[in-house]
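Colleague: Please take me through the terms used for this model, setting each value against its definition.

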Amino acid sequence: MHQQPHGPAPTDTSPDTRPATSPVGPPDTSPDTSPVGPPVGPPDTSPVGPPVGPPADPARILVVDDDPTVAEVVAGYLDRAGYRVDRAGDGPDALALAAGHRPDLVVLDLMLPGMDGLEVCRRLRGRGPVPVIMLTARGDEDDRVLGLEVGADDYVTKPFSPRELVLRVESVLRRTRPAPAPRPPSAAGLTADPTARRATKDGAELALTLREFDLLVFFLRHPGRAFAREELMREVWGWDFGDLSTVTVHVRRLRGKVEDDPARPRLIQTVWGVGYRFDPAGREAD
């Protein structure tokens, strides 16, 4: 009697010519970004990429697709990438969700029942600017152009890699979301806000002149580094030549406003033979 061979079945390495049953593939950990088959096994919970924007304020993404498999896979990848995700299966549901919680970006299928993606995009953009990435099984150039003309910011043709879609989402958000304002430099209880032109020490506002303020900002941005007076004149004053005693006088005046004991400065230290160094730790000068 013929017996079945023991051990695992051999792997079939021949190309699979069967039609795909899903436009997106399962979450995986391989670097390959090509589309794969329908989801099999437990989902991959590894992160796809860093969240866009501050962690306390993740971007809200609205995924609109009538294929539940596509919506689930795309939403899963976006969720693991750090985004808040809403899902809609048709145009009216998408518009209602967008009205309740305005999305930062919409991943929108072109072929939707009842109201197609082009009309959904028109209505969304009629309420205000919102980035849109179109999804479609169509490969016709006219459809891609039409989607871009109604306001889509990017266009992805099915089948697609969910990882690639996440990267496209990140790229569109970087272009459309305002960059966070840089944090004012601060150290040793000192803070200088260049936008407001306001400096404080332990929360109390300092009365600084224009050059004193600029000098403090420069020191705060370059802690621990020694600068010659010529360098300070060039970087803070913007002068390539001049009376270097100007720097000496301004350093002395700034010390009088930021040091606990200006006669024994610990923050703005003199580096003999070089110039000055800002030491946030306030250690005794050598």
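Colleague: What is the bridge partner of Val63 in β2?
Modeller: The bridge partner of Val63 in β2 is Arg87. This is a predicted model, in which local features need pLDDT of at least 70 and side-chain atom pairs count only at pLDDT 80 or more, while totals for chains, interfaces and linings use all residues. Residues are numbered from 1 along each chain as its sequence is written, and side-chain values use heavy atoms, with hydrogens and water left out.

Colleague: What makes β1 and β2 a pair of strands?
Modeller: Strands are DSSP runs of E of at least two residues, helices are runs of H or I of at least four, and both are numbered from the N terminus. Two strands pair if DSSP finds at least two bridges between them. Strand β1 (residues 60–64) is joined to β2 by 5 bridges, so the criterion is met. The two strands run parallel.

Colleague: In what order do the strands of this open sheet stand, and which are at its edges?
Modeller: The order of the 5 strands is β2-β1-β3-β4-β5, with parallel pairing. At the edges stand β2 (84–88) and β5 (154–157); each has a single partner strand, so one side of each is left without a neighbour in the sheet. From one strand to the next, the twist averages 15 degrees.

Colleague: How do you know that β3 pairs with β1 and with β4?
Modeller: There are 4 bridges between β1 and β3 in the parallel sense, with Leu62 opposite Val106 in β3. A further 4 bridges join β3 to β4, which also run parallel, and there Leu108 stands opposite Met134 in β4.

Colleague: Why is β3 described as largely enclosed?
Modeller: A residue is buried under 20% relative accessible area, exposed over 50% and partly exposed in between (1.4 Å probe, protein chains only). In β3, 5 of the 5 residues are buried, so the strand is largely enclosed by the rest of the structure. In a regular strand the side chains alternate between the two faces of the sheet. Here Leu105, Val107 and Asp109 lie on one side, Val106 and Leu108 on the other, and both faces are covered.

Colleague: Which helices lie on this sheet, and at what angles?
Modeller: Helix α1 (residues 68–80) lies across β1, β2 and β3 (105–109), running at about 170 degrees to β2. Helix α3 (residues 117–127) touches β3 and β4 (132–136), and its direction makes about 160 degrees with that of β3. Contact means heavy atoms within 4.5 Å. Axes are lines fitted to C-alpha atoms, for helices over the stretch in contact, and angles run from 0 to 180 degrees between N-to-C directions.

Colleague: Why is the pair of Phe218 and Phe227 called edge-to-face?
Modeller: Rings of Phe, Tyr and Trp (its six-membered ring) pair if their centres lie within 6.5 Å; planes under 30 degrees apart count as stacked, over 60 as edge-to-face and the rest as tilted. The count by this rule is 2 aromatic pairs. For Phe218 and Phe227 the values are 4.8 Å centre to centre and 65 degrees between the planes, so the pair is edge-to-face.

Colleague: What makes Phe219 and Phe278 a stacked pair?
Modeller: Their centres are 6.4 Å apart, with 25 degrees between the planes; therefore both the pairing limit and the stacking limit are satisfied. Phe219 belongs to helix α6 (residues 210–221) and Phe278 to strand β12 (residues 275–278), so the pair ties together parts that are 59 residues apart in sequence. Both residues, Phe219 and Phe278, are buried.

Colleague: How do you know that Arg80 sits over the ring of Tyr77?
Modeller: The rule asks for NZ of Lys or CZ of Arg within 6 Å of the ring centre and within 35 degrees of the ring normal. Arg80 lies over the face of Tyr77 at 5.0 Å from the ring centre.

Colleague: Is Asp279 buried or exposed, and is Gly189 buried or partly exposed?
Modeller: Asp279, in the segment after β12, has 6% relative accessibility and counts as buried. Gly189, in the loop between β6 (186–187) and β7 (190–193), is partly exposed at 35%.

Colleague: What makes the approach of Asp279 to Ala281 a polar contact?
Modeller: A polar contact is a pair of N or O atoms within 3.5 Å; within protein, one must be able to donate a hydrogen and the other to accept it, and residues adjacent in sequence count only if both atoms are side-chain atoms. The backbone nitrogen of Ala281 lies 3.1 Å from a polar atom of the Asp279 side chain, so the distance falls within the limit.
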